[in-house]
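The following exercises ask you to work through the sheets, the helices packed on them and the nonpolar core of one structure. Each task is followed by a solution that proceeds step by step.

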Amino acid sequence: MTQGAGQGPEVERTATLRDFRVPAYVHETGPYVHSTHPGEIAPPPVAPPPPPVAPPPPPEEAYPEGYTPTQRDLPVINRGDTLQVTVDPAPSPVPQPATGPGPLYVVGDVHGYLDQLVAALQEKGLIDAAGHWCAGTARLWFLGDFTDRGPDGIGVIDLVMRLSAEAAAAGGYCKALMGNHELLLLGAKRFGDTPVNSGAGTATFQAAWLLNGGQKTDMDRLQDHHLQWMARLDALEEVDGHLLVHSDTTAYLDYGRSIEEVNDTVHETLTRNDADEVWDLFRKFTKRFSFRDEGGADAVRSLLDTYGGTRIVHGHSPIPYLLGEVGSEDGEDGAGPVVQGPHVYADGLAIAMDGGVTMAGKLLVQQLPLDV
């Protein structure tokens, strides 16, 4: 998360109306359960135009030592309703291997854009027209950041939770990592306006959540089973030689020298429920761009040498910012960053998966390994 120059809390957005049939353990509450025909996807409402958004700070000034996320993060560019993905109503099924695990897919940051997620998963043949798992033994990993900024973060979490059960029943799996916005939402719910030691004066989770795209509709619909699910998410995992993480930072090294140790430390920190400890965890997981500039490849190697894998796959930092490119801030004429797929960099050792969906970019779903 960068320390940006924008001021004021994020404008609330109306939750997208959705109708997915969910298992009994997922409560259907809130305005997103709308259609009387299961499987139908209701069109999104027309959102009001957002206020002007300030440009991001220069990279050289954005990450001083001791950086703390007490101001607004990357700007949100109005998507409007013009960037809808056209999907074949009968997508090609995911090829199934004769033996062994199914193909591996990863998903970048979703940030509440449920419609774009459904379209991207359908395009890859992972879910059917009704939004149910149809990929058999395929393996699907979400890299974190399900909520904030977009209109329906709780709808995204409900979908991922349901797909996890459906994929497991089919012999595959759907799993997720913890992003900094999961930590932010947990902190806002648990600690609210409790002051924390931010390193730059007094801060609160509630204020940071609002400044960084927190949606009132998400908080209103947040239930205990959502909180429990988020708190149990792992921070990193190694799959088929790919080290999967949310943030492009070396801060994971502060929490352990093995994948198991890091994940256990994160879970124990959340269990202790100390506001300052959780804030420090959140602050470190907001750092970014460690792999981008001079010395970036060495930073990647420090993680690979410690935790295993031959390539690191991350979300968190939008690809347009990694490339030094940003889209139009007013979203007019469909202008926006052009992202066709993942960005490979740091001597080919890092794969970035955040296509910039909050900037009118693309929500990426990618099969691994990449050919490049």
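**Exercise 1: the four-stranded sheet**

In this predicted model, four bridges join strand E2 (residues 139–142) to E3, and the two strands run parallel. Task: determine which residue of E3 is the bridge partner of Arg139, and establish which strands stand at the edges of the sheet.

Step 1. Within the pairing of E2 and E3, the bridge partner of Arg139 is Tyr173, which belongs to E3.

Step 2. The sheet is open and has four strands in the order E3-E2-E1-E11, with mixed pairing. Strand E3 (173–176) and strand E11 (365–368) are at its edges, and because each has a single partner strand, one side of each is left without a neighbour in the sheet. On average, neighbouring strands here are turned by 20 degrees against each other, direction ignored.

**Exercise 2: helices on that sheet**

Task: find which strands helix H2 (residues 114–123) lies across, and which strands H3 touches.

Step 1. Helix H2 lies across strand E1 (104–107), E2 and E11, and runs at about 155 degrees to E2.

Step 2. H3 packs on the sheet as well, where it touches E2 and E3, and its direction makes about 145 degrees with that of E3.

**Exercise 3: the nonpolar core**

Task: identify which residues of the largest nonpolar core touch the most other members, and list what Leu121 is in contact with beyond its neighbours within four places in sequence.

Step 1. The largest nonpolar core has 99 residues, of which Leu121, Leu126 and Phe142 touch the most other members. Helix H3 (residues 153–169) gives the most to this core, contributing eight residues.

Step 2. Once the neighbours within four places in sequence are left aside, Leu121 is in contact with Val107, Leu126, Ile127, Leu140, Phe142, Leu163 and Val365.

**Exercise 4: the five-stranded sheet**

Task: give the strand order of the open sheet of five strands, then work out how strand E8 and strand E10 pair and where helix H10 packs.

Step 1. The order is E6-E7-E8-E10-E9, with mixed pairing. Strand E6 (236–239) and strand E9 (343–345) stand at the edges, and since each has a single partner strand, one side of each lacks a neighbour in the sheet. From one strand to the next, the twist averages 25 degrees.

Step 2. Strand E8 (residues 311–314) and strand E10 (residues 350–352) pair in the parallel sense over three bridges, and the bridge partner of Ile312 in E10 is Ala350.

Step 3. Helix H10 (residues 296–307) packs on the sheet and touches E6, E7, E8 and E10, with its direction at about 105 degrees to that of E8.

How values were computed: Residues numbered from 1 in each chain as written. Predicted model: local features only at pLDDT ≥ 70, side-chain atom pairs only at ≥ 80, totals over all residues. Heavy atoms only, no water. Core = buried A, V, L, I, M, F, W, Y, C linked by side-chain atoms within 4.5 Å. Buried < 20%, exposed > 50% of the residue type's maximum accessible area, 1.4 Å probe, protein only. Contact = heavy atoms within 4.5 Å. Pairing = 2+ DSSP bridges. Axes fitted to C-alpha atoms, helices over the stretch in contact; angles between N-to-C directions.
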